[in-house]
Amino acid sequence: MSNRLGELLVRGNLISVAQLRKAVSDQSQEGGRLSYHLIKTGAIEESKLVEFLSKQYGVPSINLDEFEVDPEIIKLIPKEICEKHVVLPVNRVASSLIVAMSDPANIFALDDLKFITGYNIECIVASEIAIKAAIEKYYAPKSGLDAEFSFGEFEEDEESVEVVEEQDDNIAEAAKMAEDAPVVKLVNMILLDAIQKGASDIHIEPYEKVFRVRFRVDGALYEVTRPPMALKNAVISRLKIMSSLDISERRLPQDGRIKLKLGKGKEMDFRVSVCPTLFGEKVVLRLLDKSNLEVDMTKLGFEPKPLQWFKDAIERPYGMVLVTGPTGSGKTTTLYSALSELNKVTDNISTAEDPVEFNFAGINQVQMHDEIGLNFAAALRSFLRQDPDIIMIGEIRDFETAEIGIKAALTGHMVLSTLHTNDAPSTVSRLLNMGVEPFLVTAAVNLILAQRLARRLCPECKRPAKTDEATLIKAGVPPERIGSFQLFEKGGCPKCNDRGYKGRIALFEVMPLWDGLKDLIINGASSVELKQEAIRLGMQTLRMAALNKMMEGVTSLDEVIGNTAPDTMG
């Protein structure tokens with residue numbers, strides 16, 4: 001970000017070239033971030049830098065001195081991670097964690113935080129100095145083991161302290177138990193129960209005194225059962241045997257697959273990930289049910305006009321279409337639906353995926369292997385020597401992949417890919433921050449689509465809800481629409497396992513690169529300016545899409561607020 005930030009500040013007449021050179025020189029000698037040295041040398045005030053970053057990335061700012069963070073929120077991210085990325089968790093709204101960052105363009109930090117916490121990450125801007133001060137304040141030792149104490153407070157008592165040695169479990173014994181009928185039956189029951197309940201993931205987790213199984217259904221985790229602790233190693237070994245993994249390796253992560261044949265010729269794939277933890281190995285299984293994969297675009301949840309824009313963009317002979325959103329927001333399904341639409345005998349389609357989730361006849365799918373150098377950039381280079389018509393690249397993670405993808409889009413190929421950004425307009429800023437020139441973005445990109453998944457209210461038990469006008473207006477409902485629709489909230493019944501929600505609906509923000517937007521990009525406009533112009537030209541934002549589903553009675557106000565950000569920064 002450093003060079004890009006410096007250029008933007010100079011272009012905005014907020015600092016001089018001389019001040020930038022001085023800060024860069026200090027940074028090369030002392031390390032740290034450029035923003036820290038710009039403030040330290042007096043080139044720019046802390047508040048002005050935060051205001052600039054907020055406007056540039058289209059995210060709100062926060063004064064951490066005037067905000068008190070709940071200690072429960074602080075516990076969600078370890079101190080070392082906060083110090084590594086210069087971030088601070090400040091609030092939690094439904095499935096989103098709001099995090100203060102000094103560098104909103106740091107995609108690696110966002111991915112790290114999502115992986116560690118399991119939440120969707122929404123960022124707000126604060127200065128590096130303020131975040132570091134807040135980290136010291138909130139993570140300071142308070143009591144217990146963190147506090148300093150004197151050994152003189154304790155009397156020596158040899159019998160009061162006992163060292164418990166961990167038992168090195170007998171691998172042969174675990175393998176034998178894994179083949180016992182009760183263990184085989186238990187594992188099969190867990191897998192079948194997950195299929196019947198429509199789970200997307202199974203988490204099998206060992207703790208010190210508890211061994212539990214959780215399912216993720218419609219995006220939310222809930223506990224299903226707690227098998228006996230005595231079966232912990234046997235259950236995990238059984239899953240490793242089914243996945244063709246090494247049951248003797250318990251110190252390193254392993255990945256595998258299970259393919260089950262169910263009745264009536266149905267097959268189910270499970271992607272298996274085993275990770276060593278403090279009290280044993282945690283196993284996460286991702287269910288890949290091709291029969292439930294919806295590749296018909298008209299059934300994904302698109303409004304008619306955005307659907308036509310998306311179809312027009314992918315059916316062009318060349319160019320790039322980008323799908324953006326957090327992990328688990330349905331990006332892969334949208335890309336697969338586009339590929340299904342484009343899959344014709346007359347076209348050569350190649351995909352680079354990590355991992356390949358579903359197999360499609362007529363499409364050349366390549367699995368990434370970073371350990372042997374087969375990454376997205378290497379695969380993309382190879383594809384260009386394979387006479388391609390359509391290329392799908394799993395994710396644009398770096399400048400090299402972005403550069404090759406854009407060149408491919410400019411030389412007569414249709415390129416589909418994904419990025420991790422909060423909305424469609426900020427995807428342009430992400431590409432520019434990777435180092436892609438503005439004129440290349442405007443020349444190559446046909447359309448950007450941002451998406452989220454909101455839970456559907458269970459039709460059997462949803463009930464009318466009442467909310468005051470001020471809350472609806474604050475959420476973004478147009479004042480003239482209030483009173484013209486019935487608001488619903490979740491209930492609870494056997495059909496939805498008393499959760500009030502059953503299934504999910506996709507929310508789409510479709511932004512074609514109209515000529516008006518291209519002019520703004522060339523002139524260095526911020527994400528906020530791009531968003532305002534796109535809305536003026538007819539783009540429906542994620543919040544607008546969510547409100548439409550709410551007014552149709554498909555989802556609740558809680559899901560709207562929990563899955564989408566407001567369109568105006570208050």
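## Reading the fold, one feature at a time

Student: What is the relative accessible area of Val-93, and how should I read it?

Tutor: Val-93 has a relative accessible area of 28%, so Val-93 counts as partly exposed. Buried would need under 20%, and exposed over 50%. Please keep in mind that this is a predicted model.

Student: Where is Val-93 found? And what does Val-93 touch, leaving aside residues up to four places away in sequence?

Tutor: Val-93 belongs to strand 1. Its contacts beyond those neighbours are Ile-98, Ile-561 and Gly-562. You can also compare places in sequence with places in space: Val-93 and Asn-120 are 27 residues apart along the chain, and their C-alpha atoms are separated by 9.7 Å.

Student: How do I read the sheet that holds strand 1, and what is its strand order?

Tutor: Here is the general idea. Sheet strands are joined by backbone hydrogen bonds, in a parallel or an antiparallel way. In this model, three strands form an open sheet in the order 1-2-3, and the pairing is mixed. Strand 1 (87-93) and strand 3 (120-125) are the edges, each pairing on one side only. From one strand to the next, the twist averages 30°.

Student: In which sense do strand 2 and strand 3 pair?

Tutor: Strand 2 (residues 96-101) and strand 3 are parallel, with six bridges between them. To find one on screen, look for Leu-97, whose bridge partner in strand 3 is Ile-121.

Student: Which helices pack on these strands?

Tutor: Helix 7 (residues 107-117) packs on the sheet and touches strand 1, strand 2 and strand 3. Its direction makes about 135° with that of strand 3. Helix 8 (residues 128-138) lies across strand 1 and strand 2, at about 75° to strand 1.

Student: What would an antiparallel case look like, say for strand 8 and strand 9?

Tutor: Strand 8 and strand 9 (residues 280-288) run antiparallel and are joined by nine bridges. They form a hairpin, with two residues between them. Across that pair, Val-272 stands opposite Leu-285 of strand 9. Strand 8 (residues 267-277) also pairs with strand 7 (residues 254-261), again in the antiparallel sense, over eight bridges. There, Asp-255 stands opposite Ser-273 in strand 8.

Student: Now to helices. At what angle do helix 10 and helix 11 pack?

Tutor: The angle between helix 10 (residues 181-196) and helix 11 (residues 232-242) is about 70°, and their axes are 10 Å apart. These two helices are therefore roughly perpendicular to each other. Helix 10 brings Val-183, Val-184, Leu-186, Val-187, Asn-188 and Leu-191 to the contact, and helix 11 brings Ala-234, Val-235, Arg-238, Leu-239 and Met-242. By class, that makes nine nonpolar, one polar and one charged residues.

Student: How much of helix 16 is buried?

Tutor: In helix 16, 11 of the 11 residues are buried, so this helix is largely enclosed by the rest of the structure. Among them are Arg-430 and Asn-433, along with Val-428 and Leu-431. Gly-435 follows helix 16 and has a positive phi, near 115°.

Student: Which residues of helix 20 are buried, and what do they pack against?

Tutor: In helix 20 (residues 527-536), the buried ones are Ser-527, Leu-530, Lys-531, Glu-533 and Ala-534. They pack against helix 4 (46-57), helix 16 (424-434), strand 18 (501-512) and helix 19 (515-522). Just after helix 20, Gly-538 has a positive phi of about 120°.

Student: What about nonpolar cores: how many residues has the largest?

Tutor: As a rule, nonpolar side chains in soluble globular proteins tend to be buried together. The largest nonpolar core here has 56 residues, and Met-511 and Met-550 have the most contacts inside it. Helix 21 (residues 542-551) gives the most to this core, with six residues. A second, separate core has 50 residues, including Tyr-57 and Val-86. Going back to Met-550, Leu-472, Phe-485 and Val-560 are among the residues it touches beyond four places in sequence.

Student: Finally, where is Tyr-318 placed?

Tutor: Tyr-318 sits in the loop between helix 12 (304-314) and strand 10 (319-324). Its relative accessibility is 48%, so Tyr-318 counts as partly exposed. Beyond neighbours within four places in sequence, Tyr-318 contacts Ala-409, Gly-412, His-413, Met-414 and Asn-446.

Methods. Residues numbered from 1 in each chain as written. Predicted model: local features only at pLDDT ≥ 70, side-chain atom pairs only at ≥ 80, totals over all residues. Heavy atoms only, no water. Axes fitted to C-alpha atoms, helices over the stretch in contact; angles between N-to-C directions. Helix = DSSP H or I, 4+ residues; strand = E, 2+ residues; numbered from the N terminus. Parallel < 35°, antiparallel > 145°, perpendicular 65-115°, else oblique. Contact = heavy atoms within 4.5 Å. Nonpolar A, V, L, I, M, F, W, Y, C, P; charged D, E, K, R; others polar. Core = buried A, V, L, I, M, F, W, Y, C linked by side-chain atoms within 4.5 Å. Buried < 20%, exposed > 50% of the residue type's maximum accessible area, 1.4 Å probe, protein only. Pairing = 2+ DSSP bridges.
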